[in-house]
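Got your viewer open? Here is a short tour, one selection at a time.

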Amino acid sequence: MQSIEKMGERFWYITPISETDRPILGMVVGDRKTLMIDAGNSESHANYFTGELSKQGVTNPDLVVLTHWHWDHIFGLSALTHTVSISHKETKQEMEKLIPYSWTDEALDERVKAGMEIEFCATAIKKEFTEHRDITITLPHVTFENRLEIDLGGVTCVVQHVGGIHASDAVIVYIKEEKILFVGDCMYADIFAEIENYKIHETLQLIEQLEAYDAHTYVLSHHPKPLSKEEFNQEVTMHRTIAKYTEFCNGEKDKIIEEYQKHVGREVTEIELENIIFYANGF
Ligand SMILES: [Zn+2]
């Protein structure tokens with residue numbers, strides 16, 4: 001079940017659903033303007049969020065920023081008819097490529113077979129759109145390349161392109177006065193490659209960029225809830241440690257596990273093991 005949560009004075013979000021791959025969506029409420037972060041995986045996802053928020057007195061968003069081009073963050077954009085949409089230049093380019101696609105079961109299965117789509121996304125799309133599949137790709141109005149600063153009145157959002165292995169167009173949104181960093185999917189692995197992977201250099205560089213922000217809350221789009229500073233630091237430490245041993249062990253999975261376990265003085269957790277495999281894959 002999805003719920004709407006408020007954090008600090010000016011930030012709201014909707015919790016994610018893993019089965020249909022619905023990510024967290026955010027809403028930043030300024031004195032003059034309201035900014036939504038990501039448009040959702042369907043019109044019903046976007047409409048549910050804005051509908052529930054209007055019950056809380058939050059008006060429909062004036063602006064929406066897309067964190068990257070993946071379907072689950074953009075399919076809801078067609079529902080936001082009165083909202084000015086903003087994305088990185090490359091996000092728009094990738095979205096343009098989706099326009100000619102058909103989203104029927106057959107078309108999805110065919111693209112999975114051809115290696116153009118991954119099974120995980122195809123399954124989630126089928127589950128999200130059970131009744132109809134009239135998906136309209138709506139392109140963003142405004143594009144930028146590096147950084148934007150948006151003054152909503154009493155609260156400022158810095159939208160910064162960071163890229164990374166998950167999606168090279170990825171941007172983050174730093175809600176300055178609230179010290180919230182909306183990280184999106186950029187810390188996740190490359191899921192579109194033949195084998196899911198992390199690349200040491202790219203990931204460490206990305207982490208450094210994220211650490212430059214003075215934040216106490218980190219929103220990772222598919223995590224059940226936002227991370228505290230301490231939880232984010234633990235996540236970062238895990239990445240740095242695995243990256244270090246991946247290098248040291250020349251990407252040999254079993255050796256990395258052995259060294260990692262020696263270092264932490266216990267067995268690896270399921271998540272650590274998954275990440276070790278991704279780093280070994282990327283080496
Ligand atoms: Zn993604």
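A word before the metal site: donors are N, O and S atoms within 2.8 Å of the metal, and water is not among the atoms, so sites may look incomplete. Keep in mind, too, that this is a predicted model.

**Stop one: the zinc ion.** Select the zinc ion and show His68, His70, His166 and Asp185 as sticks. These residues coordinate the metal at 2.2 Å, through NE2 of His68, ND1 of His70, NE2 of His166 and OD of Asp185. Along the chain, the donors follow the spacing H-x1-H-x95-H-x18-D. Now check the angles: the four donor atoms subtend 87 to 173° around the zinc ion, which makes the arrangement irregular.

While you are here, turn on a surface. Are His68 and His70 buried or exposed? With a relative accessible area of 1%, His68 is buried, and His70 counts as buried at 4%.

**Stop two: the largest pocket.** Select Tyr188, Tyr198, His222, His223 and Glu274, which lie nearest the centre of this pocket among its 37 lining residues. Helices H2 (71-74), H5 (119-128), H7 (229-248) and H9 (270-282) each give two or more residues to the lining. Colour H9 next: this helix gives the most, with six residues. The pocket holds about 1,000 Å³ of space, and its lining has 18 nonpolar, nine polar and ten charged residues.

**Stop three: the second largest pocket.** Select Ser42, Ser44, Glu128, Phe129 and His132, nearest the centre of a pocket lined by 14 residues. Helix H1 (43-55) and H5 each give two or more residues to this lining. About 250 Å³ of space lies here, lined by three nonpolar, six polar and five charged residues.

Notes:
Residues numbered from 1 in each chain as written. Predicted model: local features only at pLDDT ≥ 70, side-chain atom pairs only at ≥ 80, totals over all residues. Heavy atoms only, no water. Donors = N, O, S within 2.8 Å, 3.2 Å for Na, K, Ca; no water. Tetrahedral: all angles 85-135°; square planar, octahedral: opposite > 155°, others 65-115°. Buried < 20%, exposed > 50% of the residue type's maximum accessible area, 1.4 Å probe, protein only. 1 Å grid on protein atoms, 1.4 Å probe; cavity = no way out; pocket = protein on both sides within 12 Å on 5 of 7 lines; lining within 4 Å. Points joined across faces, edges and corners; volume = space filled by probe spheres on them. Helix = DSSP H or I, 4+ residues; strand = E, 2+ residues; numbered from the N terminus. Nonpolar A, V, L, I, M, F, W, Y, C, P; charged D, E, K, R; others polar.
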